[in-house]
Amino acid sequence: MKDTFDHLLAVFSSQRFLNKQGIGNEVPFFICPFKPEEAVDMERYRGQLTKRLEQAGKRVLDINLYDLSVDLLKQRGIWERILEMEQSTPKERLKELLQGVLDPETHLVPAISDRLANADFDVLFLSGVGEVFPYIRSHNVLNNLQSTAKEKPTVMFFPGEYTHSQEAGASLDLFGRLHDDKFYRAFNIFHYET
């Protein structure tokens, strides 16, 4: 994990990364995959990365999708009702309800856009992907963010595997088990050189 931290710090600190160089004309989206069993370590490293980057004068906007979801549910006045329903409502029905009220296109990404507009930052970190599954899917967030978060590099911390090839396209495998072979316009941060 120390090598992981060192690589991420070097990449995120580099002017090449911050200036979106080496990605052609693609949207500056990066996936930081990690083993699900390393989630606690990665959470700690993300906090340490943020501190080290800020000490070096690089500003990080860190958005946790779970925390943002809870904030949105509270703003809409339905958080307490969701908690009450959780025990007695079938999981599929609860999932459908959450997918509706936290839809990436109509609710989640506009809330992220508001945070982007009200922050001065150099890089956006997105986390909490595992915590919001299955009612929010990471590929839906990325697809809907393409028109909003293209000015600064965006890094999604992803508990699973991310593979990308010209022939097969891209695949985000959440928790190393749930295969989702949608098209992603993102780069694996571990393949990016400073």
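This report walks through selected features of a predicted model.

## Helices α1 and α3

Start at the N-terminal end of the numbering, with helix α1, residues 2-13. Its partner here is helix α3, residues 39-55. The two axes come within 10 Å and cross at roughly 35 degrees. The crossing is right-handed.

Seen from α1, the contact is made by Lys2, Thr4, Phe5, Leu8, Leu9, Phe12 and Ser13. From α3 come Met42, Tyr45, Gln48, Leu49, Arg52 and Leu53. By type, the residues of this contact divide into eight nonpolar, three polar and two charged. Spacing along a helix matters for reading such lists. An α-helix has 3.6 residues a turn, so residues three or four places apart point the same way.

## Thr50 in helix α3

Helix α3 also holds Thr50. Thr50 counts as buried because its relative accessible area is 12%, under the 20% cut-off. Setting aside neighbours within four places in sequence, Thr50 is in contact with Val60, Asp62 and Phe125.

## Aromatic pairs

The structure holds eight aromatic pairs. A pair of aromatic rings is described by the distance of the centres and the angle of the planes. One of the pairs joins Phe5 and Tyr45. Its rings are tilted, with 45 degrees between the planes and 5.5 Å from centre to centre. The pair links distant parts of the chain, since Phe5 sits in α1 and Tyr45 in α3, 40 residues apart. Phe5 is buried, at 9% relative accessibility. Tyr45 is buried too, with a relative accessible area of 14%.

Another pair is formed by Phe17 and Phe30. This one is also tilted: the centres are 5.0 Å apart and the planes 55 degrees. Phe17 belongs to helix α2 (residues 15-18) and Phe30 to strand β1 (residues 29-34), so the pair ties together parts 13 residues apart in sequence. Both rings belong to buried residues: Phe17 has 1% relative accessibility, and Phe30 has a relative accessible area of 2%. Ring pairs also build a cluster, which links Phe12, Phe17, Phe30, Phe125, Phe157, Phe187 and Tyr192.

## Strand β2 and Ile63

Ile63 is found in strand β2, residues 60-64. Is Ile63 buried or exposed? Ile63 is buried, because its relative accessible area is 1%. Apart from neighbours within four places in sequence, Ile63 is in contact with Leu68, Ile112, Arg115, Leu124, Phe125, Leu126 and Ser127. Glu84 is another matter. Ile63 and Glu84 are 21 residues apart along the chain, and their C-alpha atoms are separated by 26 Å.

## Helix α4

Helix α4 spans residues 65-75. At its start, a side-chain oxygen of Asn64 reaches to within 2.8 Å of the backbone nitrogen of Tyr66. The buried residues of α4 are Leu65, Leu68, Ser69, Val70, Leu72 and Leu73. Gly77 follows the helix, and its phi is positive, near 75 degrees.

## Asn188 in strand β7

Strand β7 covers residues 187-188 and includes Asn188. Asn188 counts as buried because its relative accessibility is 10%. What does the side chain of Asn188 reach at 2.9 Å? It reaches the backbone nitrogen of Phe190. A polar atom of the Asn188 side chain also lies 3.4 Å from the backbone oxygen of Tyr162.

Tyr162 appears again in the contacts of Asn188, together with Ile31 and Pro33, once neighbours within four places in sequence are left aside.

## Backbone exceptions

Most residues other than glycine have a negative phi, and most peptide bonds are trans. Two places here depart from that pattern. The peptide bond from Phe133 to Pro134 is cis, with omega near 10 degrees. Pro134 sits in the loop between α8 (129-132) and α9 (138-145).

Lys20 is the other case. Its phi is positive, near 60 degrees, although the residue is not glycine. Lys20 lies in the loop between α2 and β1. Its relative accessibility is 27%, so Lys20 counts as partly exposed.

Methods: Residues are numbered from 1 along each chain as its sequence is written. This is a predicted model: local features need pLDDT of at least 70, side-chain atom pairs count only at pLDDT 80 or more; totals for chains, interfaces and linings use all residues. Side-chain values use heavy atoms; hydrogens and water are left out. Axes are lines fitted to C-alpha atoms, for helices over the stretch in contact, and angles run from 0 to 180 degrees between N-to-C directions. Helices (H or I, at least four residues) and strands (E, at least two) are DSSP runs, numbered from the N terminus. A crossing is left-handed if the near helix is turned anticlockwise from the far one by less than a right angle, and right-handed if clockwise. Contact means heavy atoms within 4.5 Å. Ala, Val, Leu, Ile, Met, Phe, Trp, Tyr, Cys and Pro count as nonpolar, Asp, Glu, Lys and Arg as charged, and the others, Gly among them, as polar. Buried means under 20% relative accessible area, exposed over 50%, partly exposed in between (1.4 Å probe, protein chains only). A polar contact is a pair of N or O atoms within 3.5 Å; within protein, one must be able to donate a hydrogen and the other to accept it, and residues adjacent in sequence count only if both atoms are side-chain atoms. Rings of Phe, Tyr and Trp (its six-membered ring) pair if their centres lie within 6.5 Å; planes under 30 degrees apart count as stacked, over 60 as edge-to-face and the rest as tilted.
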